[in-house]
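Trainee: Could you take me through the salt bridges here, slowly and up close?

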Amino acid sequence: MGLDPGLRRLALGTLLAAYPGPVPPDWAVDLVADGLAGHTLFGTNVHDPAQVAASTAALRAGRADVLIAIDEEGGDVTRLAHATGSPYPGNAALGTIGDVALTRRIYQAIGAELAALGVTVNLAPTVDVNTAADNPVIGTRSFGADPVRVAAHSAAAVSGLQAAGVAACAKHFPGHGATIADSHHELPTVDVPLSVLRQRDLPPFAAVVAAGARAVMTAHIRVPALTGAGPATFSRAVLVDLLRTEYGFTGAVITDALEMKGAAVAAGGVGPAAVRSLAAGADLLCIGAKVDADLVERVAAEIVEALTDGRLTTARVEEAAGRAAALAAWTRTAGEAPTSTDTDLGYAAARRAVRVDGVLTGLDRPLVVQLHTESTIAEGRVPWGLGPHLDEVQEIRVIAAETDPATLRGLAGERPIVLVGRHLHRLPGGPELIAELALEHPVTVVEMGWPAQWRPAGVRAFVTTYGASHANGRAAAEALGLAG
């Protein structure tokens, strides 16, 4: 016996799905026509601007007010520029610069690009306060470790995106910045009292609510004082009592991807996770990246079953679908984005973020050594480093823990060595390799990740970019005098 058509449509109205490849398959468009709230675009959906525009037009043919979302944070997390790296620096660089007006301009430029391609919701900015130097998933995606600074830039980012007609979704509530685990792989715990959250993690969310953010994304993190044994995504105390009642948020609550282990494992699957999220107060359920028609139907069926067995009330699901529809209505009336942007804006900003400790001299035709670093799921395999920007300079790529310093010294000969990496303080073998090289060779280090307070002894200079975007890479190459 099939699902009740009305209940199926109601359930679909709370779901953000996804599809494989550069062309929306028929099932993806058909589901939109049947009431699916929308789709999220990932790097696999993006080949070039014309193709993306054609894809969003095809989805809009299914229903004019479909939500089309994307993770376009700038910096290390980009979908539009996943093949080359973003032309914009990310939040850590912008927070380091400290120019709130610049942050607004950067995000308005990002919003203008998205609006021109038919994207209506940006799953950004990341407004987490990155207080854990070894945070494996936030890091340079954060504006910094100071709640006041992060709050100011977060509000500016929201204002810039929405001025371009694209809804902002601030993430990850109630704050993913103090974690040392990645919720893509496990359920992180932040075991602090609510008073600490209010002082450290929550000010940026208060700021984006005041700035009119149309959406807020939940975090798959456990805060025992609020959430008990489960994640915030399943916690009514977090999503209703804290976010809506205390902070006065009236927009749409969007879940982080329910396929992530921080949610799916805790609930026993994506379908049960969807039900628990709705019951807790979420409105739009991001299923994940690996989605097909069968998965969408199974999640919708789980929601319908929950409506019949008492796990969910019709009023709660109607409220959620209504907020999703209201978000879609706002994106259709938000106005046209600017028709042109300053294409050098991001590169100019990245130059302002570069910081140099030491002396950048004697770098004539060095050997550039990029130390391999695994990408997070949020970042994906996006190119990074100095390579694309070097002018007649040799570059090699190595794994730090597998590299003999003597081999690098032999390759360099009389030339200085420039070591480039991300999160070098925690890269296996990285600090040891740098220390041994610096004992007998002139070494300059370029840190393109979250630098923490670590500085290697004996190096000529330590250059920090606060991000690994294409713009950050160019800025570093220019600072070193190595760019074409």
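Mentor: Sure, and the rule comes before the count: a salt bridge is a side-chain nitrogen of Lys or Arg within 4 Å of a carboxyl oxygen of Asp or Glu. Keep in mind that this is a predicted model, where local features need pLDDT of at least 70, side-chain atom pairs count only at pLDDT 80 or more, and totals for chains, interfaces and linings use all residues. Residues are numbered from 1 along each chain as its sequence is written, and side-chain values use heavy atoms, with hydrogens and water left out.

By that rule you get 25 salt bridges. Take Arg8 and Glu297, whose side chains meet at 2.7 Å, N to O. Arg8 sits in helix α1 (residues 5-12) and Glu297 in helix α13 (residues 293-309), 289 residues apart; helices (H or I, at least four residues) and strands (E, at least two) are DSSP runs, numbered from the N terminus. Arg8 counts as buried at 17% relative accessibility, while Glu297, at 29%, is partly exposed. Here buried means under 20% relative accessible area, exposed over 50%, and partly exposed in between (1.4 Å probe, protein chains only).

Now look at Asp283 and Arg244, also a salt bridge, at 2.7 Å, N to O. Asp283 lies in the loop between α12 (270-280) and β8 (285-286) and Arg244 in helix α10 (residues 236-246), so the pair ties together parts 39 residues apart in sequence. Asp283 is buried at 0% relative accessibility, and Arg244 is buried at 12%. Elsewhere, salt bridges that share partners join Asp71, Glu73, Arg79, Arg141 and Lys171 into one network.
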